[in-house]
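Biologist: Could you take me through one part of this model in detail? I'd like a close look at the aromatic residues and whatever surrounds them.

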Amino acid sequence: MRAGRPFLAVLCFHGAHIPYVATPAMRATYANMSENEQDYWGTISQIDLAVGRVRSLLRRYGVAEHTYVSITADNGPEVDPAGGQGTGNFANPGRTGG
């Protein structure tokens, strides 16, 4: 990134898609939940932290005030979970609304 030069950055996160696997530290944040929930919500938290780091870098480089940040999602959750995730007592939390 050079001062005064436009740039484009595209970041794609797999996090909330099966298989979702959180780091041990993030799983510990949700220790009172099932393993599946720990992994799901842990990956969501990991994405949140990553976006925060990007925004912090934009501020550090002095471009945050002139930068458009858009957070979007794809076409929705998997409805046929693989590997046991999103099943049992913790259904896949994603909903498409039909």
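**A close look around helix H2**

Modeller: There are two aromatic pairs in the structure. For a pair, ring centres of Phe, Tyr or Trp (its six-membered ring) have to lie within 6.5 Å; planes under 30 degrees apart are called stacked, over 60 edge-to-face, and the rest tilted. Take Tyr20 and Tyr40: their ring centres are 5.0 Å apart and the planes sit at 80°, so this pair is edge-to-face. It ties together distant parts of the chain, with Tyr20 in the segment before helix H1 (24–29) and Tyr40 in helix H2 (residues 35–60), 20 residues apart. Helices here are DSSP runs (H or I, at least four residues), numbered from the N terminus.

Before going on, a word on the ground rules. This is a predicted model, where local features need pLDDT of at least 70 and side-chain atom pairs count only at pLDDT 80 or more, while totals for chains, interfaces and linings use all residues. Residues are numbered from 1 along each chain as its sequence is written, and side-chain values use heavy atoms, with hydrogens and water left out.

Back to the rings. Tyr40 also pairs with Trp41, again edge-to-face, at 4.9 Å centre to centre and 90° between the planes. That puts Tyr20, Tyr40 and Trp41 in one aromatic cluster. Tyr20 and Tyr40 are both buried, and for Tyr40 the relative accessible area is 10%. Trp41 is partly exposed, at 32%. The cut-offs for those words: buried is under 20% relative accessible area, exposed is over 50%, and partly exposed is in between (1.4 Å probe, protein chains only).

Now for the charged side chains in this region. Side chains of opposite charge can pair when their charged atoms come close. The structure holds two salt bridges, each meaning a side-chain nitrogen of Lys or Arg within 4 Å of a carboxyl oxygen of Asp or Glu. Arg27 bridges to Glu35, with the closest N and O atoms 3.9 Å apart, and to Asp39, where the closest N and O atoms are 3.7 Å apart. The Asp39 bridge spans distant parts of the chain, from Arg27 in helix H1 to Asp39 in helix H2, twelve residues apart. Because the bridges share partners, Arg27, Glu35 and Asp39 form one network. Its members differ in cover: Glu35 is exposed at 56% relative accessible area, Arg27 is partly exposed at 22%, and Asp39 is buried at 9%.

Gln38 is also in helix H2, and it is buried, with a relative accessible area of 11%. Leaving aside residues up to four places away in sequence, Gln38 touches Ala22, Arg27, Tyr30, Ala31 and Met33; a contact means heavy atoms within 4.5 Å. So Arg27, a member of the salt-bridge network, is one of the residues that Gln38 touches.

Further along, Leu58 lies in helix H2 too. Leu58 is buried, at 10% relative accessible area, and its contacts, again not counting residues up to four places away in sequence, are Phe7, Val63, Ala64, Thr67 and Val69. Val54 is another residue of helix H2, this one partly exposed at 30%.

Key
Helix = DSSP H or I, 4+ residues; strand = E, 2+ residues; numbered from the N terminus.
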